[in-house]
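Thanks for making the time this morning. I would like to walk through one model with you, going from a pair of packed helices out to the whole chain and then back to a few single residues.

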Amino acid sequence: MIKAILFCFIYALLNVSGAAIIKYNLKGRALVVFNDWVRFLFQTQIILAFVIIFLSALVLFKALSSGNFTFIIPVAVGINFILTVAIGYFIFKDHLSIGSYFGLLMIITGIIILSLNNTKHA
């Protein structure tokens, strides 16, 4: 189970890193016309971001092969969500409301409850 959680964490880290690279490169841009999209998609950093996201999918496949579907997906998505919020807050200076913090706490609590239930039946 620890191995599966490690794969979930690596998946989320790679996935959020790829998305953060894309978001960073979108700063101050408006992709309005087709040529804007093409120029954006063929930048070296964007191609690298897509490679990182693809690698994250491969790691998720490995995680899925090492644990229950009903355990792996919620844990992987939950870790992905937590890392997304952290990157948004610390790097992109996104603002969170009290409701956002409460929602994050509920998601974390749900993942913990779900994972505890699944480890008993694994």
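Before we look at any pair of helices, let me fix one term: an angle over 145 degrees between two helices counts as roughly antiparallel. Please also keep in mind throughout that what you see is a predicted model.

With that term in hand, consider helix H1 and helix H3, whose axes come within 8 Å and cross at roughly 165°. Since roughly antiparallel begins over 145 degrees, H1 and H3 are therefore roughly antiparallel to each other. The crossing in which H1 passes H3 is left-handed, and the residues that make up the contact of H1 with H3 fall into 18 nonpolar, six polar and one charged.

Now, how do H1 and H4 pack, in angle and in axis distance? Their axes are 8 Å apart, and the angle is about 40°. That makes H1 oblique to H4, and the crossing of these two helices is right-handed. On the H1 side, the contact is made by residues including Ala 4, Cys 8, Tyr 11, Asn 15, Val 16 and Ala 20, and on the H4 side by residues including Phe 71, Val 75, Ile 79, Asn 80, Leu 83 and Ile 87. Sorted by class, the contact of H1 with H4 has 16 nonpolar and three polar residues, with no charged residues.

Let me step back to the whole chain for a moment. The secondary structure comes to five helices and zero strands, so to speak an α-α-α-α-α order when read from the N terminus. The C-alpha trace spans about 55 × 35 × 20 Å along its principal axes, and of the 122 residues, 28% count as buried. If we take the contacts between residues at least 6 apart in sequence, 73% of them join residues at least 24 apart.

H1 itself deserves a closer look. It covers residues 2-26, and at 1.5 Å a residue its 25 residues should span 36 Å, which agrees with the 36 Å between its end C-alpha atoms. Its buried residues include Phe 7, Tyr 11, Asn 15, Val 16, Gly 18, Ala 20 and Ile 22. What covers the buried residues of H1? The cover includes helix H2, at 34-41, helix H3, at 44-65, and H4. After H1 comes Gly 28, which has a positive phi, near 80°.

From here I would like to go through single residues, beginning with those of H3 that face us in this discussion of H1. Ala 49 has its place in helix H3 and, at 0% relative accessibility, counts as buried. Setting aside neighbours within four places in sequence, Ala 49 is in contact with Gly 18, Ile 21 and Ile 22, and its C-alpha atom is separated by 6.5 Å from that of Ile 22, although the two residues are 27 residues apart along the chain. Ser 56, also found in helix H3, counts as buried at 1% relative accessibility, and it touches Tyr 11, Leu 14 and Asn 15 when residues up to four places away in sequence are not counted. Ala 57 lies in helix H3 too, but here the relative accessibility is 23%, and Ala 57 counts as partly exposed.

Turning to H4, is Asn 80 buried or exposed? Asn 80, which sits in helix H4, is buried, with a relative accessible area of 11%. Beyond residues up to four places away in sequence, Asn 80 touches Tyr 11, Ala 12, Asn 15 and Val 16.

The last residue is Ile 87, which lies in helix H4, residues 69-90. With a relative accessible area of 25%, Ile 87 is partly exposed, given that buried means under 20%. Leaving aside neighbours within four places in sequence, Ile 87 is in contact with Val 16, Ala 20 and Phe 92. Ile 87 and Val 16 are 71 residues apart in sequence, and 8.0 Å apart in space from C-alpha to C-alpha.

To close, then, H1 is roughly antiparallel to H3 and oblique to H4.

Technical notes. Residues numbered from 1 in each chain as written. Predicted model: local features only at pLDDT ≥ 70, side-chain atom pairs only at ≥ 80, totals over all residues. Heavy atoms only, no water. Helix = DSSP H or I, 4+ residues; strand = E, 2+ residues; numbered from the N terminus. Buried < 20%, exposed > 50% of the residue type's maximum accessible area, 1.4 Å probe, protein only. Contact = heavy atoms within 4.5 Å. Expected span 1.5 Å × (residues − 1). Axes fitted to C-alpha atoms, helices over the stretch in contact; angles between N-to-C directions. Parallel < 35°, antiparallel > 145°, perpendicular 65-115°, else oblique. Left-handed = near helix turned anticlockwise from the far one by under 90°. Nonpolar A, V, L, I, M, F, W, Y, C, P; charged D, E, K, R; others polar.
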